[in-house]
Amino acid sequence: MSIIDLHVSTENSFNEINGNNRSIELKEKYEQYYTPTNIANYMAAMFKPKKKKSITMLDPGVGMGSLTIAFVRNVLEWDNHPVEIKALLYEIDETVKFRLEENLSELKEYCLSHGVTFQWELKFTDFISDSVEKILRGDIDIFDYVILNPPYRKMVSGSKEDDELRGIGIQSANYYAAFVSLSKRYLKQHGEYVAITPRSFCNGVYFLPYRKDMELDTRYLDFHLFDSRTSPFSKDQVLQETIIYHGIKEIWDSNKYVNVLHSTDSSFSDTSKQLLKLEEIVYPSDANRVIRILRNGDEKQISDRINALPCTLKDIGLDVSTGPIVGFREKSENISKDVVENSYPYLYSKHIKNGAIVWPLNDAKNNSIIGDDSNLKRLRNRGNYVLVKRMSSKEERRRIICGVLKASDYNYEYFGFDNKTNYYHRNKSGFELEVTKGLCVFLSASLVDIYFRTFSGHTQVNASDLKSLRYPTINDLKELSSAYDDESDNQDSIDRKVEEIIKKYHNQD
Ligand SMILES: C[S@@+](CC[C@H](N)C(=O)[O-])C[C@H]1O[C@@H](n2cnc3c(N)ncnc32)[C@H](O)[C@@H]1O
(Lines give C-alpha, C1' and ligand atoms only; values in the text may rest on other atoms or scores of the structure.)
Protein backbone atom coordinates (compact mmCIF):
# COMPACT_ATOMS: atom_id res chain seq x y z
CA MET A 1 0.00 0.00 0.00
CA SER A 2 1.39 3.42 -0.85
CA ILE A 3 1.85 6.17 1.69
CA ILE A 4 -0.92 8.18 0.08
CA ASP A 5 -3.32 5.28 0.49
CA LEU A 6 -2.04 4.75 3.98
CA HIS A 7 -2.70 8.33 4.74
CA VAL A 8 -6.34 8.15 3.88
CA SER A 9 -6.91 4.78 5.50
CA THR A 10 -7.56 4.30 9.18
CA GLU A 11 -5.04 5.29 11.79
CA ASN A 12 -4.32 1.70 12.73
CA SER A 13 -3.59 0.39 9.28
CA PHE A 14 -0.30 2.16 8.73
CA ASN A 15 2.82 1.70 10.62
CA GLU A 16 5.92 3.62 9.73
CA ILE A 17 4.35 7.07 9.67
CA ASN A 18 3.08 6.90 13.23
CA GLY A 19 6.52 6.36 14.61
CA ASN A 20 5.79 3.06 16.33
CA ASN A 21 8.92 1.66 14.72
CA ARG A 22 11.21 4.36 16.07
CA SER A 23 13.61 3.26 18.74
CA ILE A 24 12.66 4.44 22.20
CA GLU A 25 16.04 6.14 22.41
CA LEU A 26 15.50 8.26 19.29
CA LYS A 27 11.89 8.87 20.20
CA GLU A 28 12.85 10.34 23.52
CA LYS A 29 15.91 12.20 22.30
CA TYR A 30 14.06 14.04 19.54
CA GLU A 31 10.50 13.91 20.87
CA GLN A 32 9.36 11.85 17.92
CA TYR A 33 5.66 11.69 18.60
CA TYR A 34 4.25 11.65 15.12
CA THR A 35 0.86 13.15 14.40
CA PRO A 36 -1.84 10.53 13.75
CA THR A 37 -3.42 10.86 10.30
CA ASN A 38 -6.86 11.99 11.42
CA ILE A 39 -5.34 14.82 13.47
CA ALA A 40 -2.97 15.81 10.66
CA ASN A 41 -5.93 15.98 8.25
CA TYR A 42 -7.98 17.98 10.73
CA MET A 43 -5.13 20.47 11.18
CA ALA A 44 -4.56 20.78 7.43
CA ALA A 45 -8.25 21.54 6.86
CA MET A 46 -8.02 24.56 9.17
CA PHE A 47 -6.02 26.64 6.69
CA LYS A 48 -7.86 29.16 4.56
CA PRO A 49 -7.30 28.62 0.83
CA LYS A 50 -5.40 31.31 -1.04
CA LYS A 51 -6.05 32.00 -4.70
CA LYS A 52 -2.44 31.83 -5.81
CA LYS A 53 -0.67 29.94 -8.56
CA SER A 54 2.21 29.06 -6.29
CA ILE A 55 2.32 28.66 -2.51
CA THR A 56 5.11 28.07 -0.02
CA MET A 57 5.00 26.04 3.15
CA LEU A 58 7.24 25.16 6.10
CA ASP A 59 7.17 22.03 8.29
CA PRO A 60 9.83 22.33 11.02
CA GLY A 61 10.48 18.89 12.52
CA VAL A 62 8.89 16.99 9.66
CA GLY A 63 9.42 13.44 11.00
CA MET A 64 7.95 11.00 8.48
CA GLY A 65 6.02 13.80 6.79
CA SER A 66 2.60 13.32 8.35
CA LEU A 67 1.71 17.00 8.43
CA THR A 68 3.19 17.90 5.05
CA ILE A 69 1.33 15.03 3.38
CA ALA A 70 -1.93 16.09 5.02
CA PHE A 71 -1.34 19.73 4.10
CA VAL A 72 -0.56 19.05 0.45
CA ARG A 73 -3.43 16.58 0.05
CA ASN A 74 -5.78 19.15 1.50
CA VAL A 75 -4.51 21.92 -0.81
CA LEU A 76 -5.34 19.70 -3.78
CA GLU A 77 -8.97 19.75 -2.59
CA TRP A 78 -9.21 23.56 -2.78
CA ASP A 79 -11.23 25.12 -5.59
CA ASN A 80 -8.72 26.88 -7.85
CA HIS A 81 -5.83 25.21 -6.08
CA PRO A 82 -2.29 26.35 -6.84
CA VAL A 83 -0.31 24.61 -9.55
CA GLU A 84 2.90 24.74 -7.55
CA ILE A 85 3.64 23.95 -3.91
CA LYS A 86 7.12 24.61 -2.53
CA ALA A 87 8.04 23.20 0.86
CA LEU A 88 10.93 23.72 3.24
CA LEU A 89 11.24 20.81 5.64
CA TYR A 90 13.51 20.57 8.66
CA GLU A 91 14.48 17.41 10.50
CA ILE A 92 17.30 16.83 12.94
CA ASP A 93 17.29 13.03 12.79
CA GLU A 94 18.88 11.77 9.58
CA THR A 95 17.74 8.21 10.21
CA VAL A 96 14.29 9.13 8.87
CA LYS A 97 15.80 10.21 5.53
CA PHE A 98 15.10 7.10 3.48
CA ARG A 99 11.44 6.67 4.45
CA LEU A 100 10.76 10.38 4.43
CA GLU A 101 12.17 10.84 0.94
CA GLU A 102 10.14 7.87 -0.27
CA ASN A 103 7.01 9.45 1.20
CA LEU A 104 7.78 12.79 -0.39
CA SER A 105 8.44 11.21 -3.79
CA GLU A 106 5.08 9.50 -3.62
CA LEU A 107 3.48 12.75 -2.65
CA LYS A 108 5.13 14.40 -5.65
CA GLU A 109 3.69 11.75 -7.98
CA TYR A 110 0.29 12.20 -6.38
CA CYS A 111 0.49 15.98 -6.97
CA LEU A 112 1.55 15.45 -10.59
CA SER A 113 -1.53 13.31 -11.13
CA HIS A 114 -3.49 16.43 -10.10
CA GLY A 115 -1.48 18.71 -12.38
CA VAL A 116 0.47 20.22 -9.49
CA THR A 117 4.23 20.36 -9.00
CA PHE A 118 5.46 19.69 -5.51
CA GLN A 119 9.06 20.70 -4.75
CA TRP A 120 10.76 20.40 -1.43
CA GLU A 121 14.01 21.26 0.23
CA LEU A 122 14.90 18.95 3.08
CA LYS A 123 17.31 20.29 5.68
CA PHE A 124 18.78 17.82 8.13
CA THR A 125 19.84 20.37 10.68
CA ASP A 126 18.71 22.01 13.89
CA PHE A 127 15.73 24.23 13.08
CA ILE A 128 16.53 26.62 15.92
CA SER A 129 20.15 27.43 15.04
CA ASP A 130 19.46 27.58 11.32
CA SER A 131 16.47 29.88 11.81
CA VAL A 132 18.29 32.23 14.16
CA GLU A 133 20.99 32.67 11.50
CA LYS A 134 18.37 33.25 8.81
CA ILE A 135 16.42 35.72 10.90
CA LEU A 136 19.60 37.65 11.70
CA ARG A 137 20.20 37.88 7.94
CA GLY A 138 16.65 39.18 7.49
CA ASP A 139 15.41 36.08 5.65
CA ILE A 140 11.87 36.32 7.00
CA ASP A 141 8.36 36.72 5.54
CA ILE A 142 8.87 33.80 3.17
CA PHE A 143 6.03 31.35 3.70
CA ASP A 144 2.30 31.35 3.10
CA TYR A 145 1.72 28.46 5.50
CA VAL A 146 3.43 26.72 8.40
CA ILE A 147 2.18 23.46 9.86
CA LEU A 148 3.95 22.03 12.88
CA ASN A 149 4.02 19.48 15.64
CA PRO A 150 7.23 20.61 17.31
CA PRO A 151 9.34 18.74 19.86
CA TYR A 152 8.19 19.27 23.45
CA ARG A 153 11.24 19.70 25.63
CA LYS A 154 12.04 22.10 28.42
CA MET A 155 14.45 24.82 27.29
CA VAL A 156 17.45 24.80 29.61
CA SER A 157 18.27 28.34 30.62
CA GLY A 158 21.76 29.26 29.38
CA SER A 159 21.89 26.38 26.87
CA LYS A 160 23.23 27.06 23.37
CA GLU A 161 19.68 27.19 21.94
CA ASP A 162 18.46 29.47 24.71
CA ASP A 163 21.36 31.87 24.13
CA GLU A 164 20.82 31.89 20.38
CA LEU A 165 17.12 32.58 20.80
CA ARG A 166 17.66 35.36 23.34
CA GLY A 167 20.05 36.92 20.81
CA ILE A 168 17.04 37.59 18.57
CA GLY A 169 14.70 38.49 21.43
CA ILE A 170 12.95 35.15 21.92
CA GLN A 171 12.59 33.86 25.46
CA SER A 172 11.17 30.35 25.46
CA ALA A 173 10.34 28.01 28.30
CA ASN A 174 10.07 25.05 25.95
CA TYR A 175 11.26 23.98 22.49
CA TYR A 176 7.72 23.90 21.22
CA ALA A 177 7.22 27.61 21.96
CA ALA A 178 10.56 28.41 20.30
CA PHE A 179 9.53 26.48 17.18
CA VAL A 180 6.21 28.34 16.89
CA SER A 181 7.81 31.75 17.63
CA LEU A 182 10.45 31.19 14.96
CA SER A 183 7.92 29.81 12.49
CA LYS A 184 5.62 32.78 12.68
CA ARG A 185 8.57 35.07 11.89
CA TYR A 186 8.86 33.26 8.58
CA LEU A 187 5.25 33.95 7.64
CA LYS A 188 4.33 36.53 5.06
CA GLN A 189 1.69 39.09 6.04
CA HIS A 190 -1.69 37.22 6.10
CA GLY A 191 0.22 33.92 6.17
CA GLU A 192 -1.14 31.25 8.54
CA TYR A 193 0.19 28.61 10.89
CA VAL A 194 -1.45 25.61 12.53
CA ALA A 195 0.34 24.03 15.48
CA ILE A 196 -0.34 21.17 17.85
CA THR A 197 1.41 21.57 21.20
CA PRO A 198 0.84 21.11 24.93
CA ARG A 199 -1.63 23.58 26.37
CA SER A 200 0.82 24.70 29.03
CA PHE A 201 1.61 28.00 27.27
CA CYS A 202 -1.89 29.36 27.93
CA ASN A 203 -1.10 30.49 31.48
CA GLY A 204 1.75 30.94 33.93
CA VAL A 205 4.68 33.31 33.99
CA TYR A 206 7.15 31.06 32.16
CA PHE A 207 5.21 31.31 28.94
CA LEU A 208 4.33 35.00 29.28
CA PRO A 209 7.14 36.08 26.88
CA TYR A 210 5.84 33.54 24.35
CA ARG A 211 2.24 34.73 24.65
CA LYS A 212 3.39 38.32 24.23
CA ASP A 213 5.62 37.45 21.29
CA MET A 214 2.72 35.80 19.48
CA GLU A 215 0.55 38.85 20.04
CA LEU A 216 3.11 41.16 18.42
CA ASP A 217 2.16 40.30 14.87
CA THR A 218 -0.27 37.35 14.82
CA ARG A 219 -3.75 36.71 16.11
CA TYR A 220 -5.58 33.48 16.83
CA LEU A 221 -8.27 32.18 14.49
CA ASP A 222 -9.07 28.75 15.98
CA PHE A 223 -8.38 26.74 19.10
CA HIS A 224 -9.24 23.07 19.38
CA LEU A 225 -9.29 21.41 22.79
CA PHE A 226 -9.64 17.74 23.66
CA ASP A 227 -11.30 16.50 26.82
CA SER A 228 -9.05 13.58 27.29
CA ARG A 229 -5.53 14.34 28.40
CA THR A 230 -4.08 11.33 26.61
CA SER A 231 -6.25 11.16 23.56
CA PRO A 232 -4.38 12.73 20.62
CA PHE A 233 -1.18 10.84 21.25
CA SER A 234 -2.68 7.91 23.12
CA LYS A 235 -0.42 5.42 21.39
CA ASP A 236 2.63 7.31 22.56
CA GLN A 237 1.29 7.95 26.04
CA VAL A 238 1.98 11.66 25.88
CA LEU A 239 0.46 12.76 29.15
CA GLN A 240 -0.09 16.37 28.24
CA GLU A 241 -3.24 18.28 27.64
CA THR A 242 -2.88 19.03 23.96
CA ILE A 243 -4.21 21.91 21.94
CA ILE A 244 -4.38 22.69 18.24
CA TYR A 245 -4.19 26.36 17.39
CA HIS A 246 -4.41 28.26 14.17
CA GLY A 247 -3.21 31.82 13.74
CA ILE A 248 -2.70 34.41 11.05
CA LYS A 249 0.04 36.99 10.60
CA GLU A 250 -2.11 40.05 11.09
CA ILE A 251 -2.34 42.76 13.68
CA TRP A 252 -3.84 41.70 17.04
CA ASP A 253 -7.44 42.88 17.15
CA SER A 254 -9.45 42.10 20.29
CA ASN A 255 -12.71 42.59 18.42
CA LYS A 256 -12.06 39.85 15.92
CA TYR A 257 -13.69 36.45 16.39
CA VAL A 258 -12.06 33.13 17.25
CA ASN A 259 -13.56 29.65 16.80
CA VAL A 260 -13.30 27.58 19.93
CA LEU A 261 -13.64 23.94 18.97
CA HIS A 262 -13.83 21.07 21.35
CA SER A 263 -14.12 17.30 21.13
CA THR A 264 -13.92 14.44 23.57
CA ASP A 265 -11.06 12.83 21.68
CA SER A 266 -9.15 12.80 18.44
CA SER A 267 -11.91 10.98 16.54
CA PHE A 268 -13.51 14.46 16.34
CA SER A 269 -16.88 12.69 16.28
CA ASP A 270 -18.53 15.12 18.68
CA THR A 271 -16.75 18.37 17.80
CA SER A 272 -18.60 21.42 19.10
CA LYS A 273 -17.88 24.98 18.12
CA GLN A 274 -18.51 28.37 19.57
CA LEU A 275 -17.53 31.78 18.33
CA LEU A 276 -15.92 34.11 20.87
CA LYS A 277 -14.31 37.49 20.55
CA LEU A 278 -10.56 37.50 21.05
CA GLU A 279 -11.10 39.88 23.99
CA GLU A 280 -13.14 37.15 25.74
CA ILE A 281 -10.17 34.80 25.45
CA VAL A 282 -7.33 37.20 26.28
CA TYR A 283 -8.69 40.01 28.42
CA PRO A 284 -7.43 43.38 27.14
CA SER A 285 -6.57 44.53 30.68
CA ASP A 286 -4.76 41.32 31.68
CA ALA A 287 -1.06 42.00 32.21
CA ASN A 288 -0.43 38.24 32.20
CA ARG A 289 -2.06 37.73 28.77
CA VAL A 290 -3.60 34.44 29.95
CA ILE A 291 -5.41 32.53 27.20
CA ARG A 292 -8.77 31.47 28.65
CA ILE A 293 -10.49 28.92 26.51
CA LEU A 294 -14.17 28.46 27.16
CA ARG A 295 -15.37 25.29 25.56
CA ASN A 296 -19.10 25.87 25.72
CA GLY A 297 -21.88 28.16 26.85
CA ASP A 298 -21.80 26.79 30.41
CA GLU A 299 -18.14 27.63 30.84
CA LYS A 300 -18.76 31.07 29.35
CA GLN A 301 -21.51 31.68 31.89
CA ILE A 302 -19.31 30.50 34.76
CA SER A 303 -16.47 32.68 33.58
CA ASP A 304 -18.78 35.72 33.37
CA ARG A 305 -19.99 35.03 36.90
CA ILE A 306 -16.54 34.68 38.45
CA ASN A 307 -15.32 37.72 36.55
CA ALA A 308 -18.16 39.74 38.04
CA LEU A 309 -16.70 39.28 41.54
CA PRO A 310 -15.67 42.68 42.90
CA CYS A 311 -12.07 42.26 44.10
CA THR A 312 -8.59 41.40 43.05
CA LEU A 313 -6.45 39.66 45.63
CA LYS A 314 -4.65 42.95 46.20
CA ASP A 315 -7.97 44.70 46.86
CA ILE A 316 -8.57 42.41 49.83
CA GLY A 317 -5.08 43.07 51.15
CA LEU A 318 -3.79 39.55 50.53
CA ASP A 319 -1.16 37.96 48.37
CA VAL A 320 -0.15 34.46 47.35
CA SER A 321 3.38 33.18 46.85
CA THR A 322 5.21 29.96 46.26
CA GLY A 323 6.63 28.43 49.45
CA PRO A 324 10.26 29.52 49.84
CA ILE A 325 11.76 26.28 51.22
CA VAL A 326 13.39 23.97 48.70
CA GLY A 327 14.14 20.88 50.79
CA PHE A 328 17.27 19.70 49.00
CA ARG A 329 18.85 23.17 49.12
CA GLU A 330 18.59 23.32 52.89
CA LYS A 331 21.37 21.91 55.06
CA SER A 332 20.43 18.24 55.31
CA GLU A 333 20.91 18.23 59.10
CA ASN A 334 18.22 20.95 59.37
CA ILE A 335 15.45 18.84 57.86
CA SER A 336 13.99 15.77 59.52
CA LYS A 337 11.07 13.45 59.64
CA ASP A 338 11.06 13.52 63.42
CA VAL A 339 9.94 16.52 65.36
CA VAL A 340 13.18 17.45 67.09
CA GLU A 341 14.05 20.10 69.61
CA ASN A 342 14.30 23.69 68.29
CA SER A 343 12.64 22.74 65.03
CA TYR A 344 9.56 24.20 63.33
CA PRO A 345 6.82 22.58 61.26
CA TYR A 346 7.96 22.05 57.69
CA LEU A 347 4.76 21.88 55.67
CA TYR A 348 4.33 20.57 52.18
CA SER A 349 1.54 19.28 49.99
CA LYS A 350 1.20 15.98 51.80
CA HIS A 351 0.20 17.85 54.93
CA ILE A 352 -2.79 19.46 53.13
CA LYS A 353 -5.82 17.27 53.76
CA ASN A 354 -9.58 17.88 53.66
CA GLY A 355 -9.31 21.64 53.86
CA ALA A 356 -6.91 21.53 56.81
CA ILE A 357 -3.27 20.96 57.68
CA VAL A 358 -2.49 17.61 59.23
CA TRP A 359 0.91 17.72 60.89
CA PRO A 360 3.11 15.87 61.75
CA LEU A 361 2.51 12.84 59.53
CA ASN A 362 4.05 9.43 60.13
CA ASP A 363 4.25 8.72 56.42
CA ALA A 364 5.74 12.11 55.48
CA LYS A 365 9.35 12.18 54.32
CA ASN A 366 9.93 15.32 56.34
CA ASN A 367 8.05 17.14 59.06
CA SER A 368 10.48 19.54 60.65
CA ILE A 369 12.98 22.22 59.86
CA ILE A 370 15.52 23.69 62.23
CA GLY A 371 15.79 27.45 61.91
CA ASP A 372 19.24 29.02 61.95
CA ASP A 373 21.04 31.96 60.34
CA SER A 374 21.09 30.12 57.03
CA ASN A 375 17.32 29.92 56.64
CA LEU A 376 15.41 32.10 59.15
CA LYS A 377 14.47 34.58 56.45
CA ARG A 378 12.73 31.80 54.57
CA LEU A 379 10.56 30.82 57.52
CA ARG A 380 7.25 32.60 58.07
CA ASN A 381 5.87 34.01 61.30
CA ARG A 382 3.34 32.06 63.26
CA GLY A 383 -0.15 32.91 61.93
CA ASN A 384 -3.17 31.58 60.06
CA TYR A 385 -2.54 30.84 56.40
CA VAL A 386 -4.17 29.07 53.49
CA LEU A 387 -1.87 26.58 51.77
CA VAL A 388 -2.55 25.32 48.24
CA LYS A 389 -0.92 22.31 46.60
CA ARG A 390 1.10 23.30 43.54
CA MET A 391 0.54 19.91 41.92
CA SER A 392 -2.71 18.08 42.14
CA SER A 393 -2.76 14.46 41.10
CA LYS A 394 -4.96 13.26 38.26
CA GLU A 395 -7.07 11.32 40.76
CA GLU A 396 -7.95 14.43 42.70
CA ARG A 397 -11.42 15.77 41.96
CA ARG A 398 -10.37 19.40 41.97
CA ARG A 399 -7.34 21.27 40.69
CA ILE A 400 -7.14 23.63 43.65
CA ILE A 401 -6.54 21.61 46.80
CA CYS A 402 -6.17 23.86 49.82
CA GLY A 403 -6.05 23.72 53.59
CA VAL A 404 -6.25 26.16 56.48
CA LEU A 405 -3.20 26.36 58.72
CA LYS A 406 -4.59 27.37 62.10
CA ALA A 407 -1.93 29.03 64.24
CA SER A 408 -3.61 28.06 67.50
CA ASP A 409 -3.16 24.35 66.69
CA TYR A 410 0.60 24.71 67.00
CA ASN A 411 2.87 26.19 69.55
CA TYR A 412 5.64 27.35 67.24
CA GLU A 413 7.09 30.75 66.44
CA TYR A 414 7.67 29.96 62.73
CA PHE A 415 6.44 27.74 59.92
CA GLY A 416 8.37 26.50 56.88
CA PHE A 417 6.41 26.35 53.62
CA ASP A 418 7.73 24.03 50.95
CA ASN A 419 8.23 25.13 47.38
CA LYS A 420 5.61 22.60 46.19
CA THR A 421 2.95 24.66 47.95
CA ASN A 422 1.56 28.15 47.47
CA TYR A 423 0.60 30.10 50.57
CA TYR A 424 -1.82 33.00 50.94
CA HIS A 425 -0.51 35.68 53.27
CA ARG A 426 -0.71 39.32 54.23
CA ASN A 427 2.73 40.92 53.89
CA LYS A 428 4.34 37.50 54.36
CA SER A 429 2.44 36.99 57.65
CA GLY A 430 -0.81 35.28 58.53
CA PHE A 431 -4.30 36.77 58.68
CA GLU A 432 -7.68 36.42 60.45
CA LEU A 433 -8.79 32.80 60.91
CA GLU A 434 -12.30 33.58 59.71
CA VAL A 435 -10.90 34.96 56.44
CA THR A 436 -8.61 31.94 55.93
CA LYS A 437 -11.61 29.63 56.33
CA GLY A 438 -13.75 31.66 53.94
CA LEU A 439 -10.94 31.77 51.39
CA CYS A 440 -10.52 28.00 51.63
CA VAL A 441 -14.27 27.56 51.03
CA PHE A 442 -14.16 29.92 48.04
CA LEU A 443 -11.16 28.14 46.48
CA SER A 444 -12.85 24.76 46.97
CA ALA A 445 -16.05 25.66 45.10
CA SER A 446 -16.89 23.71 41.95
CA LEU A 447 -17.48 26.93 40.01
CA VAL A 448 -13.98 28.17 40.82
CA ASP A 449 -12.58 24.81 39.77
CA ILE A 450 -14.35 24.93 36.38
CA TYR A 451 -13.23 28.51 35.92
CA PHE A 452 -9.65 27.58 36.78
CA ARG A 453 -9.64 24.82 34.16
CA THR A 454 -10.62 27.31 31.45
CA PHE A 455 -7.15 28.80 31.60
CA SER A 456 -5.04 26.03 33.08
CA GLY A 457 -4.54 22.89 31.07
CA HIS A 458 -2.23 21.14 33.49
CA THR A 459 -2.37 19.87 37.02
CA GLN A 460 0.05 22.54 38.21
CA VAL A 461 -1.38 25.45 40.19
CA ASN A 462 0.86 28.52 39.89
CA ALA A 463 0.79 31.41 42.35
CA SER A 464 0.30 33.67 39.31
CA ASP A 465 -2.87 31.72 38.39
CA LEU A 466 -4.26 32.24 41.89
CA LYS A 467 -3.36 35.92 41.68
CA SER A 468 -5.28 36.26 38.44
CA LEU A 469 -8.59 35.07 40.00
CA ARG A 470 -11.33 37.51 40.99
CA TYR A 471 -12.32 37.31 44.68
CA PRO A 472 -15.30 38.28 46.83
CA THR A 473 -14.89 41.00 49.47
CA ILE A 474 -13.37 40.34 52.90
CA ASN A 475 -16.87 40.43 54.41
CA ASP A 476 -18.05 37.86 51.86
CA LEU A 477 -15.13 35.63 52.79
CA LYS A 478 -16.07 35.95 56.46
CA GLU A 479 -19.60 34.94 55.54
CA LEU A 480 -18.30 31.96 53.58
CA SER A 481 -16.38 30.71 56.60
CA SER A 482 -19.63 29.24 57.97
CA ALA A 483 -19.41 26.55 55.25
CA TYR A 484 -15.90 25.56 56.35
CA ASP A 485 -15.74 22.01 57.63
CA ASP A 486 -12.52 20.04 57.86
CA GLU A 487 -14.22 16.88 59.02
CA SER A 488 -16.65 15.92 56.30
CA ASP A 489 -16.99 16.20 52.56
CA ASN A 490 -19.38 19.12 52.28
CA GLN A 491 -18.98 20.04 48.62
CA ASP A 492 -22.71 20.72 48.28
CA SER A 493 -22.86 23.25 51.06
CA ILE A 494 -19.62 24.91 49.83
CA ASP A 495 -21.11 25.22 46.34
CA ARG A 496 -24.44 26.57 47.61
CA LYS A 497 -22.76 29.17 49.78
CA VAL A 498 -20.35 30.34 47.06
CA GLU A 499 -23.21 30.53 44.54
CA GLU A 500 -25.12 32.78 46.95
CA ILE A 501 -22.17 35.18 47.14
CA ILE A 502 -21.62 35.17 43.38
CA LYS A 503 -25.32 35.88 42.80
CA LYS A 504 -24.92 39.20 44.62
CA TYR A 505 -22.61 40.42 41.87
CA HIS A 506 -23.92 38.61 38.82
CA ASN A 507 -27.62 38.21 38.75
CA GLN A 508 -28.72 35.91 35.99
CA ASP A 509 -32.27 36.07 34.85
C1 LIG B 1 6.72 15.72 17.71
S2 LIG B 1 7.63 15.13 16.33
C3 LIG B 1 6.56 15.55 15.00
C4 LIG B 1 6.96 15.00 13.67
C5 LIG B 1 6.04 15.35 12.51
N6 LIG B 1 5.98 16.78 12.27
C7 LIG B 1 4.65 14.85 12.78
O8 LIG B 1 3.79 15.68 13.05
O9 LIG B 1 4.42 13.65 12.73
C10 LIG B 1 8.93 16.35 16.29
C11 LIG B 1 9.95 16.12 15.21
O12 LIG B 1 10.92 17.16 15.29
C13 LIG B 1 12.22 16.62 15.12
N14 LIG B 1 13.15 17.51 15.83
C15 LIG B 1 13.45 17.52 17.15
N16 LIG B 1 14.31 18.52 17.44
C17 LIG B 1 14.55 19.16 16.27
C18 LIG B 1 15.35 20.28 15.91
N19 LIG B 1 16.05 20.93 16.84
N20 LIG B 1 15.36 20.67 14.61
C21 LIG B 1 14.66 20.00 13.68
N22 LIG B 1 13.88 18.94 13.96
C23 LIG B 1 13.83 18.53 15.23
C24 LIG B 1 12.13 15.23 15.69
O25 LIG B 1 13.14 14.35 15.20
C26 LIG B 1 10.72 14.83 15.29
O27 LIG B 1 10.72 14.19 14.04
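The following is a dialogue on a predicted model and the criteria behind its descriptions.

Student: How were residues and atoms selected?

Tutor: In this predicted model, local features need pLDDT of at least 70 and side-chain atom pairs count only at pLDDT 80 or more, while totals for chains, interfaces and linings use all residues. Residues are numbered from 1 along each chain as its sequence is written, and side-chain values use heavy atoms, with hydrogens and water left out.

Student: Why is Y410 called buried?

Tutor: Buried means under 20% relative accessible area, exposed over 50%, and partly exposed in between, with a 1.4 Å probe and protein chains only. Y410 has a relative accessible area of 10%, so Y410 is buried.

Student: Where is Y410, and which residues does Y410 touch?

Tutor: Y410 sits in the loop between β18 (402-405) and β19 (414-417); strands (E, at least two residues) and helices (H or I, at least four) are DSSP runs, numbered from the N terminus. Not counting residues up to four places away in sequence, Y410 touches I357, W359, R382, L405 and F415, where contact means heavy atoms within 4.5 Å. R382 is 28 residues from Y410 along the chain, and their C-alpha atoms are separated by 8.7 Å.

Student: What makes the G61 pair with the ligand a polar contact?

Tutor: A polar contact is a pair of N or O atoms within 3.5 Å; within protein, one must be able to donate a hydrogen and the other to accept it, and residues adjacent in sequence count only if both atoms are side-chain atoms. A backbone N or O atom of G61 lies 2.6 Å from a nitrogen atom of the ligand, so the pair meets the cut-off.

Student: Which side chains of E91 and D126 atoms pair with the ligand, and at what distance?

Tutor: A polar side-chain atom of E91 lies 2.5 Å from a ligand oxygen atom. An N or O atom in the side chain of D126 is 2.7 Å from a ligand nitrogen atom. The protein buries 99% of the 590 Å² that the ligand exposes when taken alone, by the Shrake-Rupley method with a 1.4 Å probe.

Student: How do you know that the radius of gyration agrees with a compact globule?

Tutor: The radius is taken over C-alpha atoms, and the globule rule is 2.2 Å times the number of residues to the power 0.38. For 509 residues a compact globule would have a radius near 23 Å; the protein chain has 26 Å, which agrees. Buried residues make up 57% of the 509 residues.
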